[in-house]
Amino acid sequence: MNNPTAGSPNARQRRRLLLATGTVGGVGLVGTMLPFVASMAPSDAARSRGAPVEADLDSVAPGALVTVAWHGKPVWILHRTRAMLDGLGKHDSLLADPLSREEQQPAYARNATRSLRPDFLLAIGLCTHLGCVPTYRPEVGAADLGDDWPGGFFCPCHGSKFDLAGRVFRNVPAPLNLEIPPYAYQGETRLVVGQDRSGPA
Ligand code: FES
């Protein structure tokens, strides 16, 4: 039987949305969820040209991380909880660039949370060492990462660590914080990756 809603604007809009989802309990899932679900709009050809990509935040639960593709790269969208945000200011001494002095983000993301809105982090999910995809490790004090682990991202390739704002730890191979892509909000729950306030990146 034909699906009467398959070609409706709502159905088309839904197909633009989010891809792989990790949760607080889904440790290490992100790295294994790539490559991406193929149904996301715009087309593969447009995406390879770097067209902006829309994402709907409605379905991203607190603590969850989803991945969308932009410029052929994984872009993480992490919905940070209040506890995650509260923890960000407590481990600056462990970080190589806690104030984001290096040019790894748009000017509007050079702040304490490295984001336009504190509750959502966007970051390109590629390690700044050699480009592996780090795993999402939000568990504070994880046994394999140390008592002082504040939650963040761990790169299994050579052991680099990043916090929940994508800031790199000291004394790891990765030299820089994770890159923050250009992005903008369109209303409360929709954002566009690859387009900042001045237009397409
Ligand atoms: S690629 Fe991530 S630590 Fe080397």
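Trainee: Why is D86 called partly exposed?

Mentor: The relative accessible area of D86 is 41%, and the scale calls a residue buried under 20%, exposed over 50% and partly exposed in between, using a 1.4 Å probe and protein chains only. The value for D86 falls between the two limits, so D86 counts as partly exposed. This is a predicted model, in which local features need pLDDT of at least 70 and side-chain atom pairs count only at pLDDT 80 or more, while totals for chains, interfaces and linings use all residues. Residues are numbered from 1 along each chain as its sequence is written, and side-chain values use heavy atoms, with hydrogens and water left out.

Trainee: What makes the pair of R82 and D86 a salt bridge?

Mentor: The term requires a side-chain nitrogen of Lys or Arg within 4 Å of a carboxyl oxygen of Asp or Glu. The N to O distance between the side chains of R82 and D86 is 3.1 Å, so the pair meets the rule. Both residues lie in helix 4, four residues apart, about one turn of the helix, where a helix is a DSSP run of H or I of at least four residues, a strand is a run of E of at least two, and both are numbered from the N terminus. R82, at 57% relative accessible area, is exposed.

Trainee: How many salt bridges does this rule give, and which other pairs belong to them?

Mentor: The count comes to eight. Among them is the pair of E103 and R110, whose closest N and O atoms are 3.3 Å apart; E103 is exposed at 63% relative accessibility, whereas R110, at 37%, is partly exposed. Another is D119 with R117, where the closest N and O atoms are 3.0 Å apart, and D119 is partly exposed with a relative accessible area of 22%. Salt bridges that share partners also join D92, D163 and R167 into one network.

Trainee: How do you know that R80 has no salt bridge?

Mentor: Lys and Arg are counted as positive and Asp and Glu as negative, with His and the chain ends not counted. On that basis the nearest side chain of opposite charge to R80 is D163, which is 6.8 Å away, and because a salt bridge has to satisfy the 4 Å rule, R80 is left without one although it is buried.

Trainee: What does the side chain of R80 reach instead, and where does R80 sit?

Mentor: R80 is found in the loop between strand 4 (73-79) and helix 4 (82-87). Its side chain reaches the backbone oxygen of P118 at 2.9 Å, and a polar atom of the R80 side chain lies 3.0 Å from the backbone oxygen of L164. A polar contact is a pair of N or O atoms within 3.5 Å, where within protein one must be able to donate a hydrogen and the other to accept it, and residues adjacent in sequence count only if both atoms are side-chain atoms. Both distances fall within that limit, so each agrees with the distance part of the definition.

Trainee: Why are C132 and C157 called a disulfide?

Mentor: The definition asks for a pair of cysteine sulfur atoms within 2.5 Å; the sulfur atoms of C132 and C157 are 1.9 Å apart, so the pair qualifies. The count by this rule is one disulfide, and the link of C132 and C157 is left-handed, with -100 degrees about the S-S bond. C132 lies in the loop between strand 5 (120-124) and strand 6 (135-137) and C157 in the loop between strand 7 (152-154) and strand 8 (161-163), so the pair ties together parts that are 25 residues apart in sequence. C132, at 22% relative accessible area, is partly exposed, as is C157 at 37%.

Trainee: Are C127 and C155 buried or exposed, and how do you know?

Mentor: The relative accessibility of C127 is 6% and that of C155 is 2%; each value lies below the limit for buried, so both cysteines are called buried.

Trainee: What makes H71 and N171 stand out in their backbone angles?

Mentor: Most residues other than glycine have a negative phi, and most peptide bonds are trans. H71, which is not a glycine, has a positive phi near 60 degrees, and N171, also not a glycine, has a positive phi of about 60 degrees. H71 lies in the loop between strand 3 and strand 4 and is partly exposed at 38% relative accessibility, whereas N171 lies in the loop between strand 8 and strand 9 (183-185) and is exposed at 81%.
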